[in-house]
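Dear colleague,

I am passing the structure below to you for your review. A summary of what was found in it follows.

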Amino acid sequence: MDLTRRELFKLSAVAGGGLLSPLGFDLEPAYAATRQLKITNAREYKTVCPYCAVGCGTIAYVHGSGGLNTVPTIVHVEGDPDSPINGGTLCPKGASQMQLAISPRLQKSPLFRDAGASEWREVDWEFAMDWFARRFKEARDATFVERDDQGRTVNRCEGIAWVGSATVANEDAYHITKTMRALGLIYIDHQARI
Ligand code: SF4
């Protein structure tokens, strides 16, 4: 049977909630079985889509967790029906979020560009964290204000701003805010407000 794409769509009509093949078979059980096969024996991890400030609840299905000589691999991601944010739905971008974990193009180590250089180079995490901590301290020391122009004690750092991420959970956000406030930062915001 030769079918154009448009004719195939017409024939594959969704009738009474059931998806029919061009030959009249009900495809829904087949689709459901395929999905079940994919996640059989997978572990479920509840997580949050990292892509935008909506923060949709997500379930990631992982194979190979804990077994001898296995490498944990995400095999499927879907919206979390228990999430009050998205009720089980994901937008197309969120539905592809497993690529963040399994894409061969994933950058797994920090990249660093030396001052004046045009190329980035790979560095290890220890280098990156040392560099960040040193720059943070230098900026804080240089811009810390103990008293305002009227002599009032303010003890604030005016030279650093911190922006939270949509992937930061409430507990992380609490610790980040406390830490930044302890360091004197006053410019603290979150991606959800941008
Ligand atoms: S699924 Fe879409 S709307 Fe939801 S957080 Fe991810 S990117 Fe945002």
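**Ligand shell and strand pairing**

The shell of residues around the ligand is made up of seven nonpolar, three polar and one charged. Please note that the model is a predicted one.

Which residues surround the ligand? They are Cys-49, Tyr-51, Cys-52, Val-54, Gly-55, Cys-56, Asn-86, Leu-90, Cys-91, Lys-93 and Gly-94.

Turning to the strands, an open sheet is formed by three of them, in the order β3-β4-β5, with antiparallel pairing. Its edges are β3 (43-48) and β5 (73-79), each of which pairs on one side only. From one strand to the next, the twist averages 30 degrees. Within this sheet, strand β4 (residues 57-63) is joined to β5 by six bridges, and the two run antiparallel. Should you wish to locate this pairing in the viewer, Ala-60 has Val-77 in β5 as its bridge partner.

A further pairing involves strand β9 (residues 153-164) and strand β10 (residues 185-190), which run parallel and are joined by five bridges. Here Gly-164 stands opposite His-190 in β10. Between the two strands, the chain passes from β9 through helix α6 (residues 170-182) to β10, forming a β-α-β crossover that is right-handed.

In summary, the pairing in the β3-β4-β5 sheet is antiparallel, whereas β9 and β10 run parallel. The ligand has both Lys-93 and Asn-86 among the residues that surround it.

Yours sincerely

Methods:
Residues are numbered from 1 along each chain as its sequence is written. This is a predicted model: local features need pLDDT of at least 70, side-chain atom pairs count only at pLDDT 80 or more; totals for chains, interfaces and linings use all residues. A residue is near a molecule or strand if its C-beta atom, placed from the backbone, lies within 6 Å of it. Ala, Val, Leu, Ile, Met, Phe, Trp, Tyr, Cys and Pro count as nonpolar, Asp, Glu, Lys and Arg as charged, and the others, Gly among them, as polar. Two strands pair if DSSP finds at least two bridges between them. Helices (H or I, at least four residues) and strands (E, at least two) are DSSP runs, numbered from the N terminus. A crossover is right-handed if, with the strands pointing away from the viewer, the path from the first strand over the helix to the second runs clockwise. Axes are lines fitted to C-alpha atoms, for helices over the stretch in contact, and angles run from 0 to 180 degrees between N-to-C directions.
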